Amino acid sequence: MALCRVLPARGEVMYSGTPVVCLEPSCVAVFRDELARLFPDAARAKRLAKQTFTLAEYLERIDWQPPAAGSGPRARVLVHGHCHQKAVLGMQSELKLLAAAGFEVDAPDSGCCGMAGSFCFKPEHYAASRQVGESVLVPAVRRATP
């Protein structure tokens with residue numbers, strides 16, 4: 001759907017106050033960041049931005065508590081969030097939910113994974129993609145316990 005059609009198409013949702021929950025962080029960024037910048041004077045864009053959430057943000061907003069991960073020792077999880085999400089939205093809600101479930105969370109400051117979009121699929125980008133991944137993320141995965 002073209003951006004110029006998003007605001008009129010979502011009018012009913014916006015004015016009813018219905019939260020817009022997106023599973024794909026790039027979609028959240030479109031509604032919360034990019035659309036508002038493209039149409040800075042549009043009240044609808046501002047309203048949609050305020051009503052758009054990642055799933056974890058929405059669950060946090062409604063005070064949902066995840067079930068316990070288990071009764072034994074805390075399981076350790078290695079988290080690498082969506083690069084776009086880390087850069088534009090943040091991962092705080094996702095990390096809080098994992099911790100609330102009882103996980104010991106390790107989220108290395110890895111920045112980009114080197115596999116964004118079609119970048120890593122092009123042979124001419126392979127070496128650069130590997131180098132980016134090897135800077136932080138891949139060594140963290142190698143060190144992680146099964």
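**Group meeting: a walk through one predicted model**

I start at one residue, Leu-23, which sits in the loop between β1, residues 20-22, and α3, residues 25-38. Please keep in mind that this is a predicted model. Is Leu-23 buried or exposed? Leu-23 counts as exposed, because its relative accessibility is 72% and the cut-off for exposed is over 50%. Leu-23 also belongs to a nonpolar patch on the surface, together with Val-21 and Leu-55. The accessible area of the three residues together is about 280 Å².

Before going on, the overall layout. The protein chain has 146 residues, and 29% of them count as buried. Its secondary structure comes to nine helices and four strands. Read from the N terminus, the order is α-α-β-α-α-β-α-β-α-α-β-α-α. So much for the outline.

Back to Leu-23, and on to the pocket. Leu-23 is one of the residues that line the largest pocket, and Leu-55, also in the nonpolar patch, is another. How much space lies in the largest pocket? The value is about 150 Å³. Besides those two leucines, the lining has Cys-22, Pro-25, Thr-54, Ala-56, Leu-59, Gln-85, Glu-94 and Leu-97. By type, the lining residues divide into seven nonpolar, two polar and one charged. The charged one is Glu-94, because Asp, Glu, Lys and Arg are the residues that count as charged, and Glu-94 is in the lining.

Which helices each supply at least two residues of that lining? They are α5, residues 55-61, and α7, residues 92-100. Helix α5 gives the largest share, with three residues.

The helices α5 and α7 come up again with the salt bridges. A search of the whole structure finds seven salt bridges. One of them joins Glu-60 and Lys-96, with the closest N and O atoms 3.1 Å apart. Glu-60 lies in helix α5 and Lys-96 in helix α7, 36 residues apart, and the pair links distant parts of the chain. Glu-60 counts as partly exposed, since its relative accessibility is 30%, and partly exposed covers values between buried, under 20%, and exposed, over 50%.

For contrast, here is a pair within one helix. Arg-37 forms a salt bridge with Asp-33, and their closest N and O atoms are 3.0 Å apart. Both residues lie in helix α3, four residues apart, about one turn of the helix. Arg-37 is exposed, with a relative accessible area of 64%. Asp-33 is partly exposed, because its relative accessible area is 21%, and buried would need a value under 20%.

Another pair is Glu-134 and Arg-142, whose side chains meet in a salt bridge at 2.7 Å, N to O. Glu-134 is partly exposed at a relative accessible area of 27%, while Arg-142 is exposed at 56%. There is also a network of salt bridges, which links Arg-76, Glu-104 and Asp-106.

Next, a residue with a notable backbone angle. Where is Asp-63 placed? Asp-63 is in the loop between α5 and β3, the latter being residues 76-78. The phi of Asp-63 is near 60°, a positive value in a residue other than glycine. Most residues other than glycine have a negative phi. As for accessibility, Asp-63 counts as exposed, because its value is 61% and the cut-off is over 50%.

Last, two buried alanines. Ala-49 is found in helix α4, residues 43-50. Why does Ala-49 count as buried? Its relative accessible area is 12%, and buried means under 20%. Ala-49 and Val-30 are 19 residues apart in sequence, and 8.8 Å apart in space, C-alpha to C-alpha.

The other one is Ala-140, placed in helix α9, residues 137-143. Ala-140 counts as buried, with a relative accessibility of 6%. Its C-alpha atom is separated by 7.5 Å from that of Pro-108, although the two residues are 32 residues apart along the chain.

To close, I return to the starting point. Leu-23 lies in a loop, is exposed, takes part in the nonpolar patch with Val-21 and Leu-55, and is among the residues lining the largest pocket. That is all from me.

Key:
Residues are numbered from 1 along each chain as its sequence is written. This is a predicted model: local features need pLDDT of at least 70, side-chain atom pairs count only at pLDDT 80 or more; totals for chains, interfaces and linings use all residues. Side-chain values use heavy atoms; hydrogens and water are left out. On a 1 Å grid over the protein atoms alone, a cavity is a set of points where a 1.4 Å probe fits but cannot get out, and a pocket is an open set with protein on both sides within 12 Å along at least five of seven lines; lining residues have an atom within 4 Å of a point. Grid points are joined across faces, edges and corners, and a volume is the space filled by probe spheres set on the points. Buried means under 20% relative accessible area, exposed over 50%, partly exposed in between (1.4 Å probe, protein chains only). Patches are made of residues with over 30% relative accessible area and no salt bridge: like charges are joined within 9 Å, nonpolar side chains (Val, Leu, Ile, Met, Phe, Trp, Tyr) within 5 Å. Accessible areas come from the Shrake-Rupley method with a 1.4 Å probe; for residues, only the protein chains shown count as cover. A salt bridge is a side-chain nitrogen of Lys or Arg within 4 Å of a carboxyl oxygen of Asp or Glu.
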